[in-house]
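Take a look at the structure below. Then work through the briefing, one topic at a time.

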Amino acid sequence: MKVDFYIAGIQKSGTTNLAYLLSQSSNIVSHPQMECTFYWDQNEYNKGVKFLRNYYFFNTNDETLNHHFVLLKHSNSFTNVQILQKILKDNPNVHFLLVFRNPVQRY
């Protein structure tokens, strides 16, 4: 399974909103979970790409995944260069979307 876009950024900086807005495009598919921890969690990563497909895209058929852009999102991934290297190794054509703005103040 190829990953075309990967969103990372500081928590509360709008990464979830960006993922939501992009996933509204008819040619982009994203996971329904708030965060995709596949590359962050070594136990998940060790289970392989089949786990990524079945756990995060359980409601998406293979035809859709093969003919649409795939988007993953996990804030704070950028804090660990090894995570970005794993993503790039598995998906050499991935586009990283990094969000670095001041976090939203919540009262």
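Which residue in strand 3 does Phe5 stand opposite? Phe5 stands opposite Leu71. Keep in mind that this is a predicted model. The points below start with strand 3, then follow the chain through a loop into helix 5, and end with a residue of strand 4.

**Strand 3 and its partners**
- Strand 3 spans residues 69-73.
- Strand 1 covers residues 5-9 and runs parallel to strand 3.
- Three bridges join strand 1 to strand 3.
- Strand 2, residues 28-30, also pairs with strand 3 in the parallel sense, over three bridges.
- One pairing here is that of Val29, whose bridge partner in strand 3 is Val70.
- Four of the five residues of strand 3 are buried, so the rest of the structure largely encloses this strand.

**The loop after strand 3**
- Asn76 sits in the loop between strand 3 and helix 5.
- Its phi is positive, about 75°, although Asn76 is not a glycine.
- Is Asn76 buried, partly exposed or exposed? Its relative accessibility is 21%, so Asn76 counts as partly exposed. The cut-off matters here, because buried means under 20%.

**Helix 5: the start**
- Helix 5 runs over residues 81-90.
- Asn80 caps the N-terminal end of this helix.
- A side-chain oxygen of Asn80 lies 2.9 Å from the backbone nitrogen of Gln82.

**Helix 5: two sides**
- Which residues of helix 5 are buried? They are Ile83, Leu84, Lys86 and Ile87.
- Seen down the helix axis, these buried residues fall within an arc of 155°, so they line one face of helix 5.
- On the other side of the helix, Val81, Gln82 and Lys89 are exposed.
- The buried residues are covered by parts that include strand 1, helix 2 (42-46) and strand 4.

**Leu98 in strand 4**
- Leu98 belongs to strand 4, which spans residues 95-99.
- Leu98 counts as partly exposed, because its relative accessibility is 39%.
- What does Leu98 contact, leaving aside its neighbours within four places in sequence? Leu98 is in contact with Ala8 and Phe78.
- Leu88 comes ten residues away from Leu98 along the chain, and their C-alpha atoms are separated by 14 Å.

Note on methods
Residues are numbered from 1 along each chain as its sequence is written. This is a predicted model: local features need pLDDT of at least 70, side-chain atom pairs count only at pLDDT 80 or more; totals for chains, interfaces and linings use all residues. Side-chain values use heavy atoms; hydrogens and water are left out. Buried means under 20% relative accessible area, exposed over 50%, partly exposed in between (1.4 Å probe, protein chains only). Contact means heavy atoms within 4.5 Å. Two strands pair if DSSP finds at least two bridges between them. The arc is that of the directions from the helix axis to the C-beta atoms. A polar contact is a pair of N or O atoms within 3.5 Å; within protein, one must be able to donate a hydrogen and the other to accept it, and residues adjacent in sequence count only if both atoms are side-chain atoms.
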